[in-house]
Amino acid sequence: MKKVGIIMGSDSDLPILKKTAAALRSLGIPYETHVYSAHRTPAEARDFALSARENGFGVIICAAGMAAHLAGAIAANTTLPVIGIPCKSNALDGIDALLATVMMPSGIPVATVAIDGGVNAALLSAQILAVEDEDLAKKLDEKRRKDAAAVIEKDAGISARIEE
Ligand code: RP5
């Protein structure tokens with residue numbers, strides 16, 4: 001199976017990416033993790049993106065906050081699918097990173113998940129890899145079934161809980 005690249009702009013983004021890694025592990029998807037910054041280490045970010053396909057990656061997840069250019073900078077140097085996670089910062093609550101990540105110019109796409117959406121970034125990666133991997137597609141179906149069953153169980157108990 002192809003690897004997922006988990007790239008963060010700073011190790012201060014790590015709590016979000018821990019959720020990403022846990023979700024990938026639960027599906028048996030291999031990943032590799034790095035700190036590369038579009039602003040502080042642009043050469044390393046570029047080198048990673050340029051060699052990602054030949055290094056066995058299938059999807060790259062990029063998490064960054066503030067003026068979040070990491071996903072776009074990586075996407076500029078690869079045609080692998082790039083998923084951007086805008087990370088919340090103190091000043092603007094993540095709206096800054098959301099807009100910087102999602103508003104890519106035509107020609108260089110970044111699939112942007114919610115602010116701090118580490119789990120969905122992992123699941124979207126899995127769904128991309130599952131296009132050519134039936135075993136992984138079955139695991140994703142099973143997860144959806146389990147998640148739905150958990151909500152149905154909550155529905156069954158909610159009338160009693162509201163009166164507690
Ligand atoms: C971004 O700036 C990082 O992705 C992080 O979300 C934010 C702050 O970085 P630090 O100053 O905490 O390293 O590049």
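Here are some short exercises on the structure above, each with a worked solution.

This is a predicted model, in which local features need pLDDT of at least 70, side-chain atom pairs count only at pLDDT 80 or more, and totals for chains, interfaces and linings use all residues. Residues are numbered from 1 along each chain as its sequence is written, and side-chain values use heavy atoms, leaving out hydrogens and water.

**Exercise 1. The overall fold**

Task: Find how many helices and strands the protein chain has, and the order of its elements.

Solution:
- Start with the count: the protein chain has 6 helices and 5 strands. Helices (H or I, at least four residues) and strands (E, at least two) are DSSP runs, numbered from the N terminus.
- Next, walk along the chain from the N terminus, and the elements read β-α-β-α-β-α-β-α-β-α-α.
- For the extent, the C-alpha trace spans about 55 × 40 × 30 Å along its principal axes.
- Finally, look at burial: of the 164 residues, 40% are buried (under 20% relative accessible area; exposed is over 50%, partly exposed in between; 1.4 Å probe, protein chains only).

**Exercise 2. The sheet**

Task: Work out the strand order of the open sheet and name its edge strands.

Solution:
- The sheet has 5 strands in the order β2-β1-β3-β4-β5, with parallel pairing. Two strands pair if DSSP finds at least two bridges between them.
- The edges are β2 (31-35) and β5 (111-112), each of which pairs on one side only.
- Now add a helix: α1 (residues 14-26) packs on the sheet and touches β1 (3-8), β2, β3 and β4. Contact here means heavy atoms within 4.5 Å. The direction of α1 makes about 170° with that of β1.
- Within the sheet, β3 (residues 57-65) and β4 (residues 82-87) run parallel and are joined by 6 bridges. A64 stands opposite P86 in β4.

**Exercise 3. Two helix pairs**

Task: Describe how α5 packs with α6 and how α1 packs with α5.

Solution:
- Two packed helices are described by the angle between their axes and the distance between the axes. Axes are lines fitted to C-alpha atoms, for helices over the stretch in contact, and angles run from 0 to 180 degrees between N-to-C directions.
- α5 (residues 118-130) and α6 (residues 134-161) pack at about 140°, with axes 8 Å apart. They are therefore oblique to each other (angles under 35 degrees count as roughly parallel, over 145 as roughly antiparallel, 65 to 115 as roughly perpendicular and the rest as oblique).
- From α5, the contact uses L123, A126, Q127, L129 and A130, and from α6 it uses L136, A137, L140, K143 and R144. By class, this contact has 7 nonpolar, 1 polar and 2 charged residues.
- α1 and α5 pack at about 35°, with axes 7 Å apart. Here I16, K19, T20, A23 and L24 of α1 meet G118, V119, A122 and S125 of α5. The classes are 5 nonpolar, 3 polar and 1 charged.

**Exercise 4. Two residues**

Task: Are T78 and D147 buried, partly exposed or exposed?

Solution:
- T78 lies in the loop between α3 (70-75) and β4. Its relative accessibility is 15%, so T78 counts as buried.
- Leaving aside neighbours within four places in sequence, T78 is in contact with A49 and I60.
- D147 has its place in helix α6. Its relative accessibility is 39%, so D147 counts as partly exposed.
- The C-alpha atoms of D147 and A122 are separated by 16 Å, and the two residues are 25 apart along the chain.

Conventions: Ala, Val, Leu, Ile, Met, Phe, Trp, Tyr, Cys and Pro count as nonpolar, Asp, Glu, Lys and Arg as charged, and the others, Gly among them, as polar.
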